[in-house]
Amino acid sequence: FRLLQLQSLKTRVTFFTLAIFLIGLWSLAFYASRMLREDMQRLLGEQQFSTVSILAAEVNQALEDRLKALETVASSMTPAMLGHAPAMQTLLTQNAVFQAFFNAGTFVVQLDGTAMASLPLSTERVGVNFMDRDYIATALQEGESTLSKPALGKVIQTPMFAMAAPIRDPQGKVIGALAGVIDLGKPNFLDRITNSNYGKSGVYLIA
């Protein structure tokens with residue numbers, strides 16, 4: 001009887017020890033799994049942020065290049081040209097590389113916001129007043145180069161965004177503005193990003 005009690009006690013101690021061991025092993029596995037998941041989430045978040053940062057820098061650089069091109073061409077425009085529409089139209093036509101930056105064309109407005117020259121001619125912007133557009137008003141009234149928010153075009157009637165740079169006289173006074181338009185409904189420099197996927201199912205959203 002004492003032998004059976006001793007064996008029973010040993011069995012209980014063995015099962016108790018085994019239970020403690022299994023509970024400890026399960027707890028360790030659960031803790032390791034949780035830590036691993038948190039590390040993976042952190043690493044994936046850092047990777048996604050790095051990828052998005054690179055793409056955002058690329059978009060910013062493309063926008064800065066276009067705005068710089070507008071400012072460069074605008075700086076070559078003179079008061080005499082603003083008083084002579086054919087000369088301004090010729091200047092736009094001669095800047096083919098500059099025109100390639102804007103898939104919906106470019107146009108020049110006088111101080112009152114009315115377009116006096118435009119490319120392509122098929123858009124028929126000449127004579128239309130754009131003073132109600134924020135990018136034109138900012139360039140003319142504040143003398144600052146600016147980028148518009150996406151909106152429906154006043155003439156082309158498709159989703160677009162535009163940018164404008166002021167035209168100044170030799171004394172630095174604003175006398176007009178040069179604008180470039182990106183039609184979001186046509187192939188443009190943003191397509192390479194928006195048409196790409198992140199992994200198998202992820203997408204990029206530009207806001």
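Tutor: Let's start with a term: a salt bridge is a side-chain nitrogen of Lys or Arg within 4 Å of a carboxyl oxygen of Asp or Glu. The model is predicted, so local features need pLDDT of at least 70 and side-chain atom pairs pLDDT 80 or more, while totals for chains, interfaces and linings use all residues. Residues are numbered from 1 along each chain as its sequence is written, and side-chain values use heavy atoms, without hydrogens or water.

Student: Okay, how many salt bridges does the structure hold?

Tutor: Look at lysine 154 and aspartate 132, whose side chains meet with 3.0 Å from N to O. That falls under the heading of a salt bridge, and the count for the structure is 1.

Student: How many residues apart in sequence are the parts that this pair ties together?

Tutor: Lysine 154 lies in the loop between strand 4 (151-152) and strand 5 (159-168). Aspartate 132 sits in the loop between strand 2 (115-119) and helix 5 (134-141), so the bridge ties together parts separated in sequence by 22 residues. (Helices, H or I of at least four residues, and strands, E of at least two, are DSSP runs numbered from the N terminus.)

Student: Is aspartate 132 buried or exposed?

Tutor: The scale is relative accessible area with a 1.4 Å probe and protein chains only: under 20% is buried, over 50% is exposed, and in between is partly exposed. Its partner lysine 154, at 31%, is partly exposed. Aspartate 132 comes in at 54%, so the label is exposed.

Student: Which ring does the charged end of lysine 154 sit over?

Tutor: The test for a charge over a ring is NZ of Lys or CZ of Arg within 6 Å of the ring centre and within 35 degrees of the ring normal. Lysine 154 has its charged end 5.7 Å from the centre of a ring, and that ring belongs to phenylalanine 130.

Student: What pattern does the chain follow, read along the sequence?

Tutor: There are 6 helices and 8 strands to place. Written in sequence order, they give α-α-α-α-β-β-α-β-β-β-β-α-β-β.

Student: What share of the contacts with a separation of 6 or more comes from residues 24 or more positions apart?

Tutor: A contact here is heavy atoms within 4.5 Å. As background, the chain has 207 residues and 33% of them count as buried. Among contacts with a separation of 6 or more, those between residues 24 or more positions apart make up 52%.

Student: Which residues do ring pairs link into a cluster?

Tutor: Rings of Phe, Tyr and Trp (its six-membered ring) pair if their centres lie within 6.5 Å; planes under 30 degrees apart are stacked, over 60 edge-to-face, the rest tilted. The structure holds 3 aromatic pairs. One of them joins phenylalanine 101 and phenylalanine 102 edge-to-face, at 6.5 Å centre to centre and 85 degrees between the planes. Ring pairs make a cluster of Phe98, Phe101 and Phe102.

Student: What is the relative accessible area of phenylalanine 102?

Tutor: Phenylalanine 101, for reference, is partly exposed at 28%. Phenylalanine 102 is buried, because its value is 3%.

Student: What separates the C-alpha atoms of methionine 131 and threonine 114?

Tutor: Methionine 131 is in the loop between strand 2 and helix 5 and, at 23% relative accessibility, is partly exposed. Beyond its neighbours within four places, methionine 131 contacts Leu111, Asp112, Gly113, Ile136, Ala137, Leu140 and Gln141. Threonine 114 is 17 residues away along the chain, and the C-alpha separation is 7.4 Å.

Student: Which residue does a cis peptide bond join to leucine 119?

Tutor: The omega angle is about -5 degrees at this bond. The partner's place is the loop between strand 2 and helix 5, and the partner is proline 120.

Student: What is phi of glutamate 124 near?

Tutor: Glutamate 124 lies in the loop between strand 2 and helix 5 and is exposed at 62%. The sign of phi is positive in this non-glycine residue, and the value is near 55 degrees.

Student: Where does glutamine 157 lie?

Tutor: Glutamine 157 also has a positive phi, near 55 degrees, without being glycine. This residue is partly exposed at 47%, and its place is the loop between strand 4 and strand 5.

Student: Last one: is threonine 146 buried or exposed?

Tutor: Threonine 146 lies in strand 3 (residues 146-147). Not counting residues up to four places away, threonine 146 touches Leu67, Tyr135, Thr138, Ala162, Met163 and Ala164. Its relative accessibility is 17%, so threonine 146 counts as buried.
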